Amino acid sequence: MSTLLVVEDDPHLRRFLRAALTGHGYTIVEAATLAEARAELARALPAVILLDLGLPDGDGLTLLRGLRPETTIPVIVLSARGQEGDKVIALDAGADDYLTKPFGAGELMARIRVALRHADARGTGPPADLLDVGPFHIDQPRHEVTVSGELVHLTPIEFKILVELARQPGRVITHRQLARAVWGDTSGDQSHTLRVHVAALRRKVEPTPARPRWLVTEAGVGYRLRGDE
Amino acid sequence: MAEPPRLDLLVCVGPSPTSERLIRETHRMAAAEASTWSAATVEVTNAPPLAARDREQLESHLRLVESLGGEVHRLHGAAVPEVLLAHARAHGVTRIVAGKPTHGRWRDRLGGSLLDTLIRGSGSIEVHVLAPLATAPALAIAHQRDTRRGWRAYALAIGGVAIVTGLGLATFDALSLADLTMLYLIAIAAGSLFGRGPSLVAASLSVAAYDFCFVAPRFTFAVSGVRQLLTFFVMFGCGIAISTLTVRLRRQERNAIVRERRTAALLAFTREVGSALTEPDVAAVTARHLEDAFDIAAAVLVPHATEGLVAAAGLGALAEREVAVARWAFDHQEVAGHETATLADARALCVPILDGDRALGVLALQGQPTVTFDRDARHFIDAIARQAALALAHVRLVAEAKEAALRATTEELRSSLLSAVSHDLRTPLAVITGAATTLRDREAELDPAARGELLASIVDDARRLERVLGNLLQLTRVETGFRPTCELVPAEEVVGAALTRLESAIGEWRVDLDVAPDLALWIDPVLFEQVLINLVENALKHGGAPLAIAARRSGDRVELDVADRGPGLPPDATRLFDKFVRASTATAPGVGLGLAVVRAIVTAHGGEVAALANPGGGALFRVTLPVRSA
């Protein structure tokens, strides 16, 4: 089964991660510092990296920036609530997802599964024309979206937003990543415009837009399209 | 990915003293609209080199540009306008600031006006032309204008006498000597209106001309009788008397104008400095008013904890020596520098800002070396210094009071935190420790139901701990001066995000939603999510199903309601928002921080929160926020 690299300086959290992850059949390699993590990475590449941002010999972000764009190993950042800014920086720097401490084992496993799935999907050639996530069926060439079998009419921008989210179901996409996918490489802050389009999209695909089931908001970070799990 | 730096404003700099004002004005314009600016000077090829004094002036202007944070471009070319425009186009300049010429028109007729060519060739670039002195004439340099006007006065006095003499010669046969005396008196009176000097010139010339041309023997300066001497004496006397009166009147008039202008300037300054809230504001207002009043560079220096005296505003090109003068003025609480008893050769005049026996800072004024500050100007500067002292003392008091209040809040928070840690945090820890050790030590003896119970209590109380800590963290952040970073967020999205995070806690509870679809809130999305989470958790804990969340616009406010159908509010509902207050201690665990956090965050957003009775039973918490559009 897959090997995971855990970069975390707190021995207690490492102990919990070791117990929980080996219990689910993963092989664990541990590193308490950036230096140890680099040494482990030089030895063998893991399938997923769990990365704490505050490490004794530096910021976990530097490790992340060293990995991108040469490698696509999924990186899940471990951080505390109230550090939304750090999460956004990490995600924009190429992290795949984040877990807010404290987190439960279920949440941890779900994120790792999503990360592994994306890592697999990345290897298999061009992106699919047809996307199926939850009740959504997206036909990219025909620009058609059905929700639970019903055709929904989306504006081109709403369509692009949905496609970007559906390409990586379960994974959080930051405002900046979404804006780049929709408008290209733009420098201005378009988070407000983006919010308005997402709100419009939600009204078309969610039965109760103020209590979304699929297109959920991660406050201060971005959006996530939940799959079936 | 940032846009390439655009240089919006370009100021043309030369050796003329007007340039200094152009630079300051451009700097001010750029600062007011947060655009960029630069300065350019053009050296014309084939033109005679500048005089040493002009070159020095030009360099000091360029230094001023750099000290104000502007970029300096030295250009070369055959004609100033063409070179300037080419440079402006190349750098995306949108506006050029130039000075009105101070020389007469004849030079333009000869060489073609620089401004005309500049404006004609500017195309889409705007050209701003600033007059040499747009504001009220400076108080300090009024005397320069008097002397210039003087030459014209002498010419007029001489001309008047010449006209009278001509008139007398033409009509000599028809007039008596007494009539001629009258005519000369008119000329002397007219000359006297221009001041003492022209009056004496007019009187002397009149006496001479009268004697030479009309008094017998004519065309000699010989005087033939006492009557003539008397006439001369009367002419001189009249001249002196009238001119003395004129001079006195004029001086009074000028003093009145200066005083009036000074009073108005002081009034404007007092009004503006009174509304300044911080030390840099006070310093900026003071420096600006001094610069406007005297058309020179002014700076306000205040003591800094580590770096000694530093300029808090209006940083001109203050050299080290000038700072040393300011230091002396500050330490000795006396005026120093330019034209004073101490360090008179310095270019800057430094006036300490005194509050009682304590120096709060120093005003430094620095202009061309020729600028002098007369008695009136010094009085004005002293008055400004006194007002600045009052304002500085006031903002310091306010800052100290604010700091004290913050310290008190922090202190209060610390003590409540201690009580919370010692009492409320230990309870869930006790549960977790107890349950976990039981599981570890007696796993074999436990039946599956008991084991499930213990595991559930570990999970529940760990979550409870996390909630308490999260709330404490938010409360500490908001109450110790943390400023929310607000954005315009759809109300649906905030409500949705909070409900998503509470999914497992809400479980099967019914939640009725009535959120206006196009309603947007001006909020910090992360902080405000906590408001909704805490209100909903509060309703889940103390209220009853179903919950109702509503958001609507009401006039210039946005109302956000979280209501339940539970037992309703306790009698002293306003205390609910205090820290560590619980509605019903017996039934629900928790430290009672949730609503305190709600109030702290809502207050930081400029809003209010109220606990109301839900019509039809239960409690209703209403958050009211001001509306703001993007």
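In this predicted model, β4(B) and β5(B) pair in the parallel sense over five bridges, and within that pairing Ile96(B) has Val127(B) of β5(B) as its bridge partner. On another pairing of β4, strand β1 (residues 9–12) of chain B runs parallel to strand β4 (residues 95–99) of chain B and is joined to it by three bridges, with Val97(B) in β4(B) serving as the bridge partner of Val11(B).

These pairings belong to an open sheet of five strands in chain B, whose order is β3-β2-β1-β4-β5 and whose pairing is parallel. The edges of the sheet are formed by β3 (71–77) and β5 (126–130) of chain B, each of which pairs on one side only. Direction ignored, neighbouring strands of this sheet are turned against each other by 25° on average. Strands of a sheet pair through backbone hydrogen bonds, either parallel or antiparallel.

Strand β4(B) is largely enclosed by the rest of the structure, because five of its five residues are buried. Its residues point in two directions: Arg95(B), Val97(B) and Gly99(B) face one way, Ile96(B) and Ala98(B) face the other way, and all are buried.

Two helices of chain B lie across strands of this sheet. Helix α2 (residues 52–67) of chain B crosses β2 (37–44) and β3 of chain B, and runs at about 160° to β2(B). Helix α3 (residues 80–90) of chain B lies across β1, β2, β3 and β4 of chain B, and runs at about 145° to β2(B).

Elsewhere in chain B, strand β6 (residues 297–304) has six of its eight residues buried, so this strand too is largely enclosed by the rest of the structure. The pairing of β6(B) with strand β10 (residues 358–366) of chain B is antiparallel and extends over five bridges, and the bridge partner of Val300(B) in β10(B) is Leu363(B).

Two further helices of chain B can be described by their span. Helix α9 (residues 226–274) of chain B has 49 residues, which at 1.5 Å a residue should span 72 Å, and the 70 Å between its end C-alpha atoms agrees with this. The buried residues of α9(B) include Thr231(B), Phe232(B), Met235(B), Gly239(B), Ile242(B) and Ser243(B), and also Ala265(B), Phe269(B) and Val273(B). Helix α7 (residues 177–192) of chain B, with 16 residues, reaches 22 Å from its first C-alpha to its last, close to the 22 Å expected at 1.5 Å a residue. Among the buried residues of α7(B) are Leu180(B), Tyr184(B), Ala187(B) and Ile188(B).

The two chains can be set side by side as follows.

| Chain | Helices and strands | Buried share | Contacts joining residues at least 24 apart, among those at least 6 apart in sequence |
|---|---|---|---|
| Chain A | eight helices, 14 strands | 37% of 229 residues | 57% |
| Chain B | 18 helices, 17 strands | 35% of 630 residues | 68% |

Where the chains meet, 25 residues of chain B are in contact with 20 residues of chain A. On the side of chain B that touches chain A, at least two residues each are supplied by α14 (448–479), β11 (487–490), α15 (491–501), β12 (511–515) and α17 of chain B. Helix α15(B) gives the most to this side, with seven residues. By kind, the residues of this side of chain B divide into 17 nonpolar, three polar and five charged.

The largest nonpolar core has 106 residues, and those with the most contacts inside it are Val7(A), Leu50(A), Leu51(A), Val494(B) and Val495(B). Helix α17 (residues 525–542) of chain B gives the most to this core, with nine residues. A second, separate core has 49 residues, including Ile296(B), Val300(B), Val323(B) and Phe373(B). To return to chain A, and leaving aside its neighbours within four places in sequence, Leu51(A) is in contact with Val7(A), Gly60(A), Leu63(A), Leu64(A), Val75(A), Ile76(A), Val77(A) and Leu78(A).

Technical notes:
Residues are numbered from 1 along each chain as its sequence is written. Chains are lettered from A and ligands numbered from 1 in the order in which they are written. This is a predicted model: local features need pLDDT of at least 70, side-chain atom pairs count only at pLDDT 80 or more; totals for chains, interfaces and linings use all residues. A nonpolar core is a set of buried Ala, Val, Leu, Ile, Met, Phe, Trp, Tyr and Cys residues joined through C-beta atoms within 7 Å. A residue is buried if 20 or more other C-beta atoms lie within 10 Å of its own, exposed if 12 or fewer, and partly exposed in between; C-beta atoms are placed from the backbone. Helices (H or I, at least four residues) and strands (E, at least two) are DSSP runs, numbered from the N terminus. Two residues are in contact if their C-beta atoms, placed from the backbone, lie within 7 Å. Ala, Val, Leu, Ile, Met, Phe, Trp, Tyr, Cys and Pro count as nonpolar, Asp, Glu, Lys and Arg as charged, and the others, Gly among them, as polar. The expected span of a helix is 1.5 Å times one less than its number of residues. Two strands pair if DSSP finds at least two bridges between them. Axes are lines fitted to C-alpha atoms, for helices over the stretch in contact, and angles run from 0 to 180 degrees between N-to-C directions.
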